[in-house]
Amino acid sequence: MVTRKSRAEIETMRRAGRIVAEVLALLEAELKPGVSTAHLDDLAERHIRAAGATPSFKGYHGFPASVCISIDDEVVHGIPGDRTIKAGQVVSIDAGAIVEGWHGDGARSFIVGEPTPEAARLVEATRLAMMAGIAAAVPGARIGDISAAVEDVATQGGYGIVRHYVGHGIGTAMHEDPQVPNFRSAAKGMQLAPGICLAIEPMLTVGAHEVETRPDGWTVVTRDGSLAAHFEHTIAITEDGPRILTTI
């Protein structure tokens, strides 16, 4: 069931979203060769809890960390641990925070050090695809309009669009209805109205769209080993258009 949030509820989600944005900025500043992903996760958890929030991810279906850190061909759900960051890597960080029972969810892909042209183009295209989807999220539009906007940016650059994972509604649960695909389908989807909150999150690849999960049961990688990038914002549909909640 799709729920419409009140202004007060959206303001609480905005507080959660700001904490998510702060975490992503904090970790971006720490990203350098030799830094362990476990250290980044520890920083994230400490910041979330110091802000009076709870990490959305820790313990979610058994996930062991507070953020997901996915590197190069890893699309999403990478588990922080002993491995260290290397120069030139594409590092995608997904973070979530809960404030008074309400969620904020966001993700960004970063390039450590000097980017290759291929990586730079992929990361920027994924960001632009997300922003195009957000721009399409206006009252009276449909979920399919968001999907089409994301797909148009991705296909213009020749990128694969991961289909197994999609955007979603968000509120008192991290994943709520409706689903928000990043590609066109026969169904136009529900009509958008003020109070609906969504997490819009394209995941693009340099190669094909097929993915698989590693034996750890979490880390999702491109099947062909190609680079991947992931961006996500939590937004609220308002009478004046989309409002991004996961910003500082």
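**A tour from the cysteines to the largest pocket**

This predicted model holds zero disulfides, and a natural place to begin is with two of its cysteines. Select C68, which counts as buried because its relative accessibility is 5%, and then C197, which counts as buried because its relative accessibility is 2%; buried here means under 20%.

Keep C197 in view and extend the selection to strand β9, residues 197-200. In a regular strand the side chains alternate between the two faces of the sheet. Looking along β9, you will find C197 and A199 pointing one way while L198 and I200 point the other way, and all of them are buried.

Next, add the neighbours of β9. Strand β7, residues 167-169, pairs with β9 in the antiparallel sense over two bridges, and here H168 stands opposite A199. Strand β14, residues 233-238, also pairs with β9 in the antiparallel sense, over four bridges; select I200 and its bridge partner in β14, which is H233.

Now return to H168 and turn to the largest pocket, whose volume is about 410 Å³. Of the 23 residues that line this pocket, H168 is among the closest to its centre, together with Y60, H77, H175 and E201, so these five make a convenient selection to show as sticks.

To finish, colour the strands that contribute to the lining: β7 and β8 (176-180) each supply at least two residues, and the largest share, three residues, comes from β8. If you colour the whole lining by residue class, it divides into ten nonpolar, seven polar and six charged residues.

Methods: Residues numbered from 1 in each chain as written. Predicted model: local features only at pLDDT ≥ 70, side-chain atom pairs only at ≥ 80, totals over all residues. Heavy atoms only, no water. Buried < 20%, exposed > 50% of the residue type's maximum accessible area, 1.4 Å probe, protein only. Pairing = 2+ DSSP bridges. Disulfide = S-S within 2.5 Å. 1 Å grid on protein atoms, 1.4 Å probe; cavity = no way out; pocket = protein on both sides within 12 Å on 5 of 7 lines; lining within 4 Å. Points joined across faces, edges and corners; volume = space filled by probe spheres on them. Nonpolar A, V, L, I, M, F, W, Y, C, P; charged D, E, K, R; others polar.
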